[in-house]
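These are my notes from a first pass through the structure shown below. I went from one chain as a whole to its copies, and then to single elements and residues.

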Protein chains: 4
Amino acid sequence: MIVVMQRGATEREINYVVERVQSLGLRPHVIHGTERTVIAAIGDKRDEHRASLESCPGVAEVIPILAPYKVASLEVKPERTVVRVGPFIAGNLHIGVIAGPCSVESEEQTVSTARAVKAAGATALRGGAFKPRTSPYSFQGLKEDGLKILALAREETGLPIVTEVITPADVPVVAQYADILQIGARNMQNYRLLEEAGYAGKPVLLKRGPAATAEELLLAAEYILNTGNHNVILCERGIRTFESHTRYTLSLATVVWLHQRTHLPVIVDPSHGTGHSALVPQMAAAAVAAGADGLIIEVHPRPETALSDGFQSLTFEQFEATMELCRKVAEALGRSLGAAVPATCH
Amino acid sequence: MIVVMQRGATEREINYVVERVQSLGLRPHVIHGTERTVIAAIGDKRDEHRASLESCPGVAEVIPILAPYKVASLEVKPERTVVRVGPFIAGNLHIGVIAGPCSVESEEQTVSTARAVKAAGATALRGGAFKPRTSPYSFQGLKEDGLKILALAREETGLPIVTEVITPADVPVVAQYADILQIGARNMQNYRLLEEAGYAGKPVLLKRGPAATAEELLLAAEYILNTGNHNVILCERGIRTFESHTRYTLSLATVVWLHQRTHLPVIVDPSHGTGHSALVPQMAAAAVAAGADGLIIEVHPRPETALSDGFQSLTFEQFEATMELCRKVAEALGRSLGAAVPATCH
Amino acid sequence: MIVVMQRGATEREINYVVERVQSLGLRPHVIHGTERTVIAAIGDKRDEHRASLESCPGVAEVIPILAPYKVASLEVKPERTVVRVGPFIAGNLHIGVIAGPCSVESEEQTVSTARAVKAAGATALRGGAFKPRTSPYSFQGLKEDGLKILALAREETGLPIVTEVITPADVPVVAQYADILQIGARNMQNYRLLEEAGYAGKPVLLKRGPAATAEELLLAAEYILNTGNHNVILCERGIRTFESHTRYTLSLATVVWLHQRTHLPVIVDPSHGTGHSALVPQMAAAAVAAGADGLIIEVHPRPETALSDGFQSLTFEQFEATMELCRKVAEALGRSLGAAVPATCH
Amino acid sequence: MIVVMQRGATEREINYVVERVQSLGLRPHVIHGTERTVIAAIGDKRDEHRASLESCPGVAEVIPILAPYKVASLEVKPERTVVRVGPFIAGNLHIGVIAGPCSVESEEQTVSTARAVKAAGATALRGGAFKPRTSPYSFQGLKEDGLKILALAREETGLPIVTEVITPADVPVVAQYADILQIGARNMQNYRLLEEAGYAGKPVLLKRGPAATAEELLLAAEYILNTGNHNVILCERGIRTFESHTRYTLSLATVVWLHQRTHLPVIVDPSHGTGHSALVPQMAAAAVAAGADGLIIEVHPRPETALSDGFQSLTFEQFEATMELCRKVAEALGRSLGAAVPATCH
C-alpha cells in the first residue's frame, strides 16, 4: 500500500500516518519526493480498513499494491482448474457448451430443446425454473415443477443441468436437481447466497454483475471458494455501458485478463451479452477465439413465443450453425468444443 | 407497443405479427409508412413476453409505449407519499436526515455519534450491523450485537434506526430492532429480500443499484409495494461510470426525474455517491436544491480508524457544518431540514 | 511514479527498471515488500513516455503520483481566477448566467430572447452560429450571418456574446464578433482549435467532453493556458453513461472536485446535461448549491419550433422562474446570481 | 416518427401536435390507445428539427423509426464496399492488417518496424507523425519529418501508409504522403476535418470516439461519404466504461452490428481497445472471429523505450505470433489474413 501525502503536508501529518501504519501491523517506509512525500506500508495484509488511512489529515490518496483476492489467484495456484460434470468439461483445452431455454416453460419445450442442443454438440442443458425478473409482472418461472422437467430432460439426454438459484432458502431444493448451480448477474454480490451455494458442494457458475469490475468478480468467487468448494466457473455476460444497440457490452478482453490472473475457468454468455439473436453466433465464435473455456447460449424451439428473452434466443437451426462456426475456430486453435458430434449431424 | 417491421418485410411477415399481436390479447393497428410498416398493438397489458414479438421474422424492433411500473406511478396515485417515523419525516416539504457510522463498531462509537448527529439536527440514526462487503476478508459487521447497540442509541437519543438487511432469513431479527429497513444497492434486485422486507411492515429504504436504471428502481419498488407496504423510500446513491475521481457518479437529475413520475419520497446518499468526505457537504446541499426528500450521510467520531468507509465519513464538526449549509438551502426554498435545532447549537 | 514489479520478478528485471528510471533523469528508490518489489521514481518530471516503463519485463504496473496538469492547478496558483466580460462575472462569489437559443435562427428570435433573458437577470447571451451536428442532414447554423445577428442583439441589450467555434480556420471570424469563445464538448480534445482559440485572446469557455475525465478536462485547459490566455472557464455538461432517461449524466460532484484542484471558474450546463427542459430548473439550482461559478442555459421563444434542441430549451417564463429559484439558493449561500434585477421584474 | 402523448393529454394538445406534424411536411396518423394517444408521423424525411415536437404541450416522448444515416446504409447499397490500396485489402473475405509504431520516432525505428511487420504478413504500415496528445507536455510527433520517414519506409517495403491527420489545415500535407488518412477517435465528430479528409480523395480510416454510439459513427461516416469519397473504413477501438483493468472496453459486438447495417468495412484496434500488450493477441484473434475486415496493431522494436503508448505495443516476435494466431482463425473461417507469408517465415 502506498500512501500519497498532499503537497505541503506537515511533518506532524506525516508522523501521524507513520504511526497509523504501524498500528495496523505494517512497516512504514517514507520517501521524500521532489513535490510530495509518499509512505510505503509494507506487510502482507490486505485488510480493507487500511483504506481508513485516506481519512488522515494531509493524505491525498491511498494506493493498494496487492490484489485483494487470494484463493482465486493464479499466483497462489498456478495449475488451471478444470470443471467436469459428466460430458461437460470447462478448462484446459476443452470448451464446455451449455445451451437451452431462458425459462423452462413446459416438458415438451424443454425436452425437445435438450435433444436438439445435444445433437448439435452441447454438453450441458440450461433452463430457468426460479427466474429473477426486473418486473414483478413478468413470468417468474415454474419453480420446483421446472426443476422436475429439467431432471426429466437430463434422463432423456444425459446432459447435466445448469439452473439458477436466486435466494439462499432455495439452495437445497435446487441442489437436489441441478448439476451446476448458477448465480445470476443480479446476485453476484448476494454473499449469503454465494456461501450457501458453495456449501451445497456442486459446481457453481458465477455470472459477473453488470456493474462489477473483474476484480469484484474474483472477490465474489472467493466467497464460494472459501466454503471449500473449488469448482467455480466464472462467466462474462456483458456490462452496462452507454451503448444501447446491444443489451449489454460483452467485454471479451475481460476473459483474457481473467485468464492471466486466475486459475478458474471463464465462460461467456453471448445471449445476454448482446441481447439479440442475430449477434450471438459471431460473438460466440469470438469468445472461443479469445480463449473462453465455455459458452452458455439460449435456445428455444420457437423464440417468438418464449415467455422470456425470446429476442436473444437461437432457434435449433441457428444453434447448430453457431456450433459449427465455433467448432471451426476451436479446432483451428487446437481445442475441442462441446461433445464430438456424429458425422451424420454435419 | 409499437412493432417496427424491417424495410422490405413481406405481407406474410406482417400478417404473422398481426396474428401474434391478437393472440396476446391486443388490438393491432397497421400503419404503412413511406419506408417501413409499423404495427401499433393497443391494449393495457404490459406483460413482458410481448417482447418475444422481436423474434418474429421481418421485425426490426419493438418499442414499448407504457411505462412498466404501475403502483409506484404518479399517474396512479397523484398524492405524494410522506414517510414518517417519530421525528423522521421524508416527503412533502420535509427533508429527513439520516446520519451515523457506516458500521456499528462499538457502543461508545455508536452512541456518541447518535448524540452528535441529533444535536446537529439529524432525525434518524444509520449504522450497519450486517455488512455486505465486496471482499470476504473485510469486516462483516457485529450482526445482532450491532442491532442491540443501535437499540441502545435509540433509547439514548430517541432517533429511529435505519439499518441494512442483506438476506431474507435475517429480516425477522433486523425488523425486531430497526425502524426502517434498508435494502442496499447490491440487493436492489434481490427480489425475495424485497418481498420479505415488504412483509415485515416497517418502512423500507431502497437504494438504487449502481447499474440500475431509474425505471428498474421503480420496478424493484413495486416488489415491495405489492406486499401491501406503501412506506417505501427511494435512494439515489450514484451509478458506475467511467469517472474514477469519485467512487460513483451521483445523478441528481434522477431525483428530479423520479419526482415527476412517482409519488414515493426520494432521498440522496452523498457519502457513497461520491466516496470522498471532502465532496459530501456541497453535494448534500445540491441534493436539497434538486428537491431531495432526505439525506443519508456517514458520520464517524474518528474516520481514520473506521472499520469501513472511513474515507467518505464526516467528522462531527463536518456534519454540523454540512447541516448548516443544507439548512440554508432548504429554508431558502421554503422547506425544512431535519429537526429544529436549539439556538445554542448554532 | 511508482513501478510495481510482478510477484517473482528477478533481480535482473529489477535492475533493468532501475536503469531505465535513471535514464529518464529520475532517482530510483527500491522497496522490497513482503510479496512484491516496488520502485519509486523520484523527480519532478511528468513526461508521459515514462509510461513506457510498463513494458519492461517483470513490471506489473506503473502508478503516477503527480497530477499531470500544472498551470491549471490550485497548487501552482492558489488565488481563484475570476473571468469578467462586461456584466458577466464568473468566479469568487459571482455566478455568471449565460442564456439564449441553441442556434441563432433569425434576428427576431435572437433579439427577443436576448431581451427576455436580460430582463430575467442573465449576464451573457449564448447562441450557435456555427453548429457541430451529429447528422450532416441537420441544420448547420447561419454561420457569419448568425454572428451578425448576435452582434445586433448585443447592441440592443449590452449582453456579451458566447458562441461556439468549431474549427481553427473559423477562429478569426468568430473572435471578431464573440466576447467569449466556446469550445464544444465534441472538440474538447481538438488541440489545434484549443490553441487557436487561446491565441485569439478572448476568454474561452471549455466544455467537458462526454467521455472525458475531469483530469483530461484540466489537461485540455492547459493547451489554452499555455498560449498565455488565462481567461478559461470550465464547463460541466454531463457525461455518457448507461442512463437513458437523461441525455447525459450531469456530474455535479465534478464541479466540487474541480474547485478543490483548480483555480479556474467552473460553470454548469443543465440543458445539455439533462436534455429535458423539465429537469433544467432544479438542476440549475443544484448546480448553484454545488458551488458552480456560472450557468449556461438554453432559452427559446417557442421551443417546439426550434431548429435544434427544442426539447431542452426553456421558454421565457420557465427561464424567469429558474432564475428566481437559483437566486434564492445563491443568496442563501451568500453569493450573487447574474445581474441585479429591477424590482418590477419580480 | 411516433409521438407519444402524455396520459390525459387534451384534445387541443393532440390537435396542436397534428398541426405541427403537418407543418413539417409529414402525414399524421392518430391512434387512441387504452391509456395513451400516439401519433404516427409518416414521410421520408429525417430532419432532426422534428425532435422539437417533444416540446409541444402534452407530449411525453418522440420516438424515431427511421435510422438517421442513409448513404452508409446496407439498405441503400447492399453490396459490400471493399477498400484496396496496393497489398492492403479490407472487406469481402480479405482481412487487411495495418501495423507499426504509435509514433514515428526515427528512421531506424520506423523502417525496421516496417520490415518486421511486412515479414509477418502486414499489408499496411501505421505510424503517427501528427500526434493528438491528452497532455500538452507529451511528445507531439515529428510532424512533416515523420511523414517523410514513413514515405521512406514505404519505399523500402512497398507497404502503403496509414497516418493520422488532426486538423483540417494539415490535410494537404498529410495527403501528400499518406495512402490512407486516419481520423482519430478524439476527432470522430470534428466535422470540418471529416469533410476535408473526404475531399482529399484518399481512403479514410475513421475511428469510433470513446463515447460515440455506433449510430453516431455511421453519421460521422456520412460526412465523409457525402464528399463523394466512398472509401471509408470504420474502426472499433473501444469505448469508455467503468472498467479500469483495460484502457477502453473493446466492443466486438459492435462490429457484428455494423456489418448488419452498413456496407463499409469495419476493422478493429486491439491495441488502444485494451491498452495492454498482453491482451492484444487474443483480442486480435477474437476480432477476426467476429468478422472484422481488418486489424490495426501497434508494434515497436523496443516498447519500453517508446515515446508513446509503449505499454500497448507488441514486440516484433509478439506481432509475428499474433499474426499466426489470427491466420489460423481466418483460414478456419474461409478468409485470408494480410499478405501471403513465405513458408520460411513460419
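Entry 1, chain A as a whole. I began with the contacts in chain A: among those with a separation of 6 or more, 68% are between residues 24 or more positions apart. I note here that I am working with a predicted model. I then looked up burial, and found that 65% of the 346 residues in chain A are buried. The accessible surface of chain A is about 11100 Å², and carbon and sulfur atoms hold 49% of that area. Along the principal axes, the C-alpha atoms of chain A take up a box of roughly 75 × 45 × 40 Å. For secondary structure in chain A I wrote down 10 helices and 15 strands.

Entry 2, domains. Where does chain A divide? Domain 1 of chain A covers 2-63 and domain 2 covers 83-345. I looked up how far apart they lie: the centres of domain 1 and domain 2 of chain A, taken over C-alpha atoms, are separated by 44 Å.

Entry 3, chain B against chain A. I checked which movement superposes chain B on chain A, and it is a rotation of 180 degrees with 0.0 Å of shift along its axis. The RMSD of that superposition is 0.0 Å. Such a relation is that of a two-fold axis. Which C-alpha of chain B is nearest the axis? It belongs to B:Ala211, and it lies 2.6 Å from the axis. I also compared the contact residues: 100% of those of chain B recur in chain A, and the same surface serves both copies.

Entry 4, chain D against chain A. Here too I looked up the superposition, and a turn of 180 degrees with a shift of 0.0 Å along the axis lays chain D on chain A. For this pair the RMSD is 0.0 Å. The C-alpha of D:Ala286 is the one in chain D nearest the axis, at 2.1 Å. Chain D and chain A meet through the same surface, because 100% of the interface residues of chain D are also interface residues in chain A.

Entry 5, a sheet in chain C. I traced an open sheet of 4 strands in chain C, with the order β2-β3-β1-β4 and antiparallel pairing. Which strands are at the edge? They are β2 (27-32) and β4 (59-63) of chain C, each of which pairs on one side only. From one strand to the next, the twist averages 20 degrees. I then took one pair from this chain: β1 (residues 2-5) and β3 (residues 37-42) of chain C are antiparallel and share 3 bridges. Within this pair, C:Val3 is opposite C:Ile39 of β3(C).

Entry 6, B:Glu61. I found B:Glu61 in strand β4 (residues 59-63) of chain B. Is B:Glu61 buried or partly exposed? Its relative accessibility is 37%, so B:Glu61 counts as partly exposed. Not counting residues up to four places away in sequence, B:Glu61 touches B:Ile2, B:Val3, B:Val4 and B:Glu54. I also took one long distance: 45 Å lie between the C-alpha atoms of B:Glu61 and B:Arg335, which are 274 residues apart along the chain.

Entry 7, strand β11 of chain A. This strand spans residues 204-207, with A:Val204 and A:Leu206 pointing one way and A:Leu205 and A:Lys207 the other way. I checked burial on both sides, and all four of these residues are buried, A:Lys207 included. Strand β10 (residues 180-183) of chain A runs parallel to β11(A), and 3 bridges join them. One bridge is between A:Gln182 and A:Leu205 of β11(A).

Entry 8, A:Asn190. I placed A:Asn190 in the loop between β10 and α5 (191-199) of chain A. With a relative accessible area of 2%, A:Asn190 is buried. What does A:Asn190 contact, leaving aside neighbours within four places in sequence? I listed A:Ile166, along with B:Ile166, B:Asn187 and B:Asn190.

Entry 9, helix α7 of chain D. I counted burial along residues 252-259: 8 of the 8 residues are buried, so α7 of chain D is largely enclosed by the rest of the structure. Among them are D:Trp257 and D:His259.

Terms used
Residues are numbered from 1 along each chain as its sequence is written. Chains are lettered from A and ligands numbered from 1 in the order in which they are written. This is a predicted model: local features need pLDDT of at least 70, side-chain atom pairs count only at pLDDT 80 or more; totals for chains, interfaces and linings use all residues. Side-chain values use heavy atoms; hydrogens and water are left out. Two strands pair if DSSP finds at least two bridges between them. Helices (H or I, at least four residues) and strands (E, at least two) are DSSP runs, numbered from the N terminus. Axes are lines fitted to C-alpha atoms, for helices over the stretch in contact, and angles run from 0 to 180 degrees between N-to-C directions. Copies are superposed by least squares on the C-alpha atoms of residues with pLDDT of at least 70 in both. Contact means heavy atoms within 4.5 Å. Domain bounds come from an automatic or database domain assignment. Buried means under 20% relative accessible area, exposed over 50%, partly exposed in between (1.4 Å probe, protein chains only). Accessible areas come from the Shrake-Rupley method with a 1.4 Å probe; for residues, only the protein chains shown count as cover.
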